[in-house]
Amino acid sequence: MPDFLDGQTIPPGYQNSGTISLEPPTESTGVVVDNAVVAGSTNAVSGGAVAEAIANFISGGGTNDQVILGDGTKANLSEAISGILEGMELGDGTPVDLSDYITEAQLTAALGLAITAPLTLPAETATRYATYTKSIPRATFSLSMGNASVSLVAAPAGCQVVIDTNTVAISWVPTFTGAHYVVFWVSNGKAQGQIASLKITAVRGETITPVGDFVQAGSSLAAGMLVNIYDDNGTPKMRPAIATALGTKAHAFVTGNAAAGGELVPRYEGINPHFTGLQAGKRYFLSANVPGGISLFGPAQGSGHVWQPVGVAISETELLLDIDDEIVLNA
């Protein structure tokens, strides 16, 4: 037994001898959560009750254009913004017209569905003088739901573009090589739109009729003439080429004579030996005056005729055929 000095206080519950008794702690009853904001309550409040109380507080004045300021008081949104602007010397205190602003939902409705069409369609290759066709599903030009509106912006000369509810159909016979573009405007019928383009590269074909095949003469032909090969209701025919129109430009030359209805084999390359008075080394052009003939100079600018190089003279009588791309000299 410990000795206690005079003046010392015996600890509460101290027992000098015998059994020691310990009282267990009182069992906790848990945290009480109020499902509504209760004045004077010391309990915790659920998040839903807090959100509901704030919403009721803001709309308590019967309007939905109120906000809570930093000091906990409510204010009209328009008046609060006006006060801030006036305090910053950015306004004169006139209430802000909130009708000038729209919600995100209103903005989405105004702009319409998002456009998911490609800006650039897969590139295509066509052959000069051969028919090129392409059918593009309308679903290629799409919105986030369904097909977009499609209209034609530009296409190469002579290119036919038909847009219907299911497809965009393109039909074209390229007349010169190089890159060409079919351009569309794709929109959602509201505020959004964008350009989509199709690149078509026209390349040289070997010939427009099989090499060595006979082709019918559509009119009288003489040996050495440059000829234009054209389609007469599905039948290829030849006529003298002349630079007065794009549709009568030169494709080949003939080495014999034929009356209309007769047949000859057009030559797409090689030496044409049926000329006189040529200047060796000079380039010659399709004539705009003599059917099937050539000229040392091309048509004048602004004439509206076709400027088409057709070969190089290698002697006074021989022209090495080298038909090149043509240019129309607009009047």
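The legends below describe close-up views of a predicted model.

**View 1. The whole protein is built from three helices and 23 strands.**
The protein has 331 residues, and 29% of them count as buried. Its accessible surface comes to about 20,100 Å². Carbon and sulfur atoms account for 55% of that surface. Long-range contacts are counted between residues at least 6 apart in sequence. Of these, 55% join residues at least 24 apart.

**View 2. Five residues make a nonpolar patch on the surface.**
The patch covers about 370 Å². Its members are V37, V45, V50, I54 and I68. V50 sits in helix α1, which spans residues 47-58. The relative accessibility of V50 is 36%. V50 therefore counts as partly exposed.

**View 3. The largest nonpolar core holds 19 residues.**
Five members touch the most other members: F141, I170, V182, F184 and L198. Four strands each supply at least two residues of this core. They are β6 (132-137), β9 (167-172), β10 (178-187) and β11 (193-203). A second core, separate from this one, has 17 residues. Among them are L226, F253, V306 and V310.

**View 4. V183 lies in strand β10 and has contacts elsewhere in the chain.**
Is V183 buried or exposed? V183 is buried, because its relative accessible area of 16% falls under the 20% cut-off. Leaving aside residues up to four places away in sequence, V183 touches S151, L152, V153 and A154. V183 also touches I195, A196 and S197. V153 is 30 residues from V183 along the chain. The C-alpha atoms of V183 and V153 are nevertheless separated by 5.3 Å.

**View 5. F285 and W307 form a tilted aromatic pair.**
A search of the whole structure finds two aromatic pairs, and this view shows one of them. The ring centres of F285 and W307 are 5.2 Å apart. The angle between the planes is 45 degrees. What does the pair tie together? F285 belongs to strand β18 (residues 283-286) and W307 to strand β20 (residues 306-307), so the pair ties together parts that are 22 residues apart in sequence. The two residues fall into separate accessibility classes. F285 is buried, at 7% relative accessible area. W307 is partly exposed, at 24%.

**View 6. K134 and E124 meet in a salt bridge.**
The count of salt bridges comes to two. Side chains of opposite charge can pair when their charged atoms come close. Here the N to O distance is 3.1 Å. The bridge links distant parts of the chain, ten residues apart. K134 is in strand β6, and E124 is in strand β5 (residues 124-127). K134 is partly exposed, with a relative accessible area of 29%. E124 has a relative accessible area of 19%. E124 therefore counts as buried, since the cut-off is under 20%.

**View 7. D232 and K237 also meet in a salt bridge.**
The N to O distance in this bridge is 2.7 Å. D232 is partly exposed, at 27% relative accessibility. K237 is buried, at 16% relative accessible area.

**View 8. N233 has a positive phi in the loop between β13 and β14.**
Where does N233 lie? N233 is in the loop between β13 (226-232) and β14 (235-240). Its phi is about 55 degrees, although N233 is not a glycine. The relative accessible area of N233 is 78%. N233 therefore counts as exposed, since the class begins over 50%.

Terms used:
Residues are numbered from 1 along each chain as its sequence is written. This is a predicted model: local features need pLDDT of at least 70, side-chain atom pairs count only at pLDDT 80 or more; totals for chains, interfaces and linings use all residues. Side-chain values use heavy atoms; hydrogens and water are left out. Buried means under 20% relative accessible area, exposed over 50%, partly exposed in between (1.4 Å probe, protein chains only). Contact means heavy atoms within 4.5 Å. Accessible areas come from the Shrake-Rupley method with a 1.4 Å probe; for residues, only the protein chains shown count as cover. Patches are made of residues with over 30% relative accessible area and no salt bridge: like charges are joined within 9 Å, nonpolar side chains (Val, Leu, Ile, Met, Phe, Trp, Tyr) within 5 Å. A salt bridge is a side-chain nitrogen of Lys or Arg within 4 Å of a carboxyl oxygen of Asp or Glu. A nonpolar core is a set of buried Ala, Val, Leu, Ile, Met, Phe, Trp, Tyr and Cys residues joined through side-chain atoms within 4.5 Å. Rings of Phe, Tyr and Trp (its six-membered ring) pair if their centres lie within 6.5 Å; planes under 30 degrees apart count as stacked, over 60 as edge-to-face and the rest as tilted.
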